[in-house]
Amino acid sequence: MPVSVAARAVTRFVLDRTQPWQREDPHAQIDAAFTLLAHGWPAPERQAPPHRPPQAASASTARPPGLRERKKAATRQAITDAALELFTARGYDQVGVREIAETAGTSIATLFAYFPDGKASLVFPADRSEHIAALVDAVHLRSPGQSVLRALHDHMAGRGPFEPDPAPDQQRALDLIRATPQLRDFALHSWTVAQEPLTAAITREAALPADDLAARLLARHVLQIPDLANTISADARHTLDVVTALLERGWPACLTE
């Protein structure tokens with residue numbers, strides 16, 4: 001099974017390099033991609049002096065949410081709960097946003113004010129900016145001597161499809177996402193939108209140029225792991241472990257202990 005997962009990940013990553021959205025020299029892209037996949041990430045951040053950006057106030061010292069924030073959170077959760085209930089009962093394509101808004105006891109205008117990215121975003125209640133900040137923090141605040149790749153693995157291991165013990169509603173949402181192409185596409189976008197800030201964090205920690213291709217590829221590949229977990233294996237955590245090993249050690253070294 002590790003061979004199958006790693007092989008499909010390699011195929012995904014190689015084919016991804018041929019897409020027309022890239023701005024860089026395609027030959028340099030291909031060379032960097034094959035070097036990373038053949039030899040793994042060299043983890044130069046282990047030799048670079050640590051970079052510790054100023055941190056915002058911790059959750060324990062931050063001001064507790066006021067009445068307005070609590071009402072907004074309750075409205076957002078009601079919309080997500082209604083969408084999840086209706087999508088699960090009848091299927092994503094059979095439910096419209098008007099029915100979701102009515103079930104949640106709100107208006108369509110309010111629904112789109114909270115979820116401007118549309119219908120597919122309704123089962124993703126987390127704030128995107130907080131999600132991106134958490135990924136960047138995982139790189140900057142990793143343990144001494146830990147690679148950025150291992151730090152991202154450990155951060156992701158408790159989130160999204162890798163959650164070890166999801167609550168029943170979380171599991172319903174994960175099952176729905178896995179079974180619904182539109183939701184899988186949105187989930188992938190929700191991860192890959194962090195590519196630029198994550199690349200910036202990696203290059204800063206590794207003392208690499210801001211346009212380093214290997215760092216950009218590493219960020220992009222890591223952010224595709226949740227989608228790989230939803231599409232190539234029933235065991236999401238196994239996929240995370242195997243693909244992390246691939247990016248750490250390269251192919252085929254990742255296949256041996």
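**View 1. The largest pocket has a volume of about 1,200 Å³.** Welcome to a set of close-ups from a predicted model. Start at the middle of this pocket: V123, F124, P125, A126 and D127 are the residues nearest its centre, out of 38 that line it. Five helices each give two or more residues to the lining, namely α3 (67–90), α6 (128–140), α8 (168–179), α9 (181–192) and α11 (213–231). Which element gives the largest share of the lining? Helix α3 does, with seven residues. If you are thinking in terms of residue chemistry, the lining breaks down into 18 nonpolar, eleven polar and nine charged residues.

**View 2. Helices α6 and α10 pack with their axes 9 Å apart.** Helix α6 also appeared in View 1, as one of the elements lining the largest pocket. Here its partner is α10, which spans residues 195–206, and the angle between the two is about 10 degrees. That angle is under 35 degrees, so α6 counts as roughly parallel to α10. On the α6 side, look for I132, L135, V136, V139 and H140; they meet P197, L198, A201, I202, R204 and E205 of α10. Sorted by class, this contact holds eight nonpolar residues, one polar residue and two charged ones.

**View 3. Helices α7 and α11 come within 11 Å of each other, axis to axis.** Helix α11 is another familiar face from the pocket lining, and here it is joined by α7, residues 148–156. Their axes cross at roughly 20 degrees, and the two helices are therefore roughly parallel to each other. What is the handedness of this crossing? The crossing of α7 and α11 is right-handed. From α7, the side of the contact is made up of V148, L149, L152 and M156, which meet L218, V222, I225 and P226 of α11. The class count for this contact is eight nonpolar, no polar and no charged residues.

**View 4. Helices α2 and α12 have axes that come within 5 Å.** Here α2 covers residues 26–39 and α12 covers residues 236–249, and the axes cross at roughly 110 degrees. Since 65 to 115 degrees is the range for roughly perpendicular, that label applies to α2 and α12. The residues to pick out are L36, L37, A38 and H39 of α2, together with L246, L247, E248 and R249 of α12. Five of the contact residues are nonpolar, one is polar and two are charged.

**View 5. A cis peptide bond links W251 to P252.** If you are setting up backbone checks, the omega here is near 5 degrees. To find the spot, go to the segment after α12, where P252 lies. Helix α12 is the one that met α2 in View 4.

**View 6. A43 has a positive phi.** What is the value of phi at A43? Phi is near 55 degrees, and this is a residue other than glycine. You will find A43 in the loop between α2 and α3. One of those two helices, α3, brings us back to the largest pocket, where α3 gives seven residues to the lining.

Technical notes
Residues are numbered from 1 along each chain as its sequence is written. This is a predicted model: local features need pLDDT of at least 70, side-chain atom pairs count only at pLDDT 80 or more; totals for chains, interfaces and linings use all residues. Side-chain values use heavy atoms; hydrogens and water are left out. Axes are lines fitted to C-alpha atoms, for helices over the stretch in contact, and angles run from 0 to 180 degrees between N-to-C directions. Angles under 35 degrees count as roughly parallel, over 145 as roughly antiparallel, 65 to 115 as roughly perpendicular and the rest as oblique. Contact means heavy atoms within 4.5 Å. Ala, Val, Leu, Ile, Met, Phe, Trp, Tyr, Cys and Pro count as nonpolar, Asp, Glu, Lys and Arg as charged, and the others, Gly among them, as polar. On a 1 Å grid over the protein atoms alone, a cavity is a set of points where a 1.4 Å probe fits but cannot get out, and a pocket is an open set with protein on both sides within 12 Å along at least five of seven lines; lining residues have an atom within 4 Å of a point. Grid points are joined across faces, edges and corners, and a volume is the space filled by probe spheres set on the points. A crossing is left-handed if the near helix is turned anticlockwise from the far one by less than a right angle, and right-handed if clockwise.
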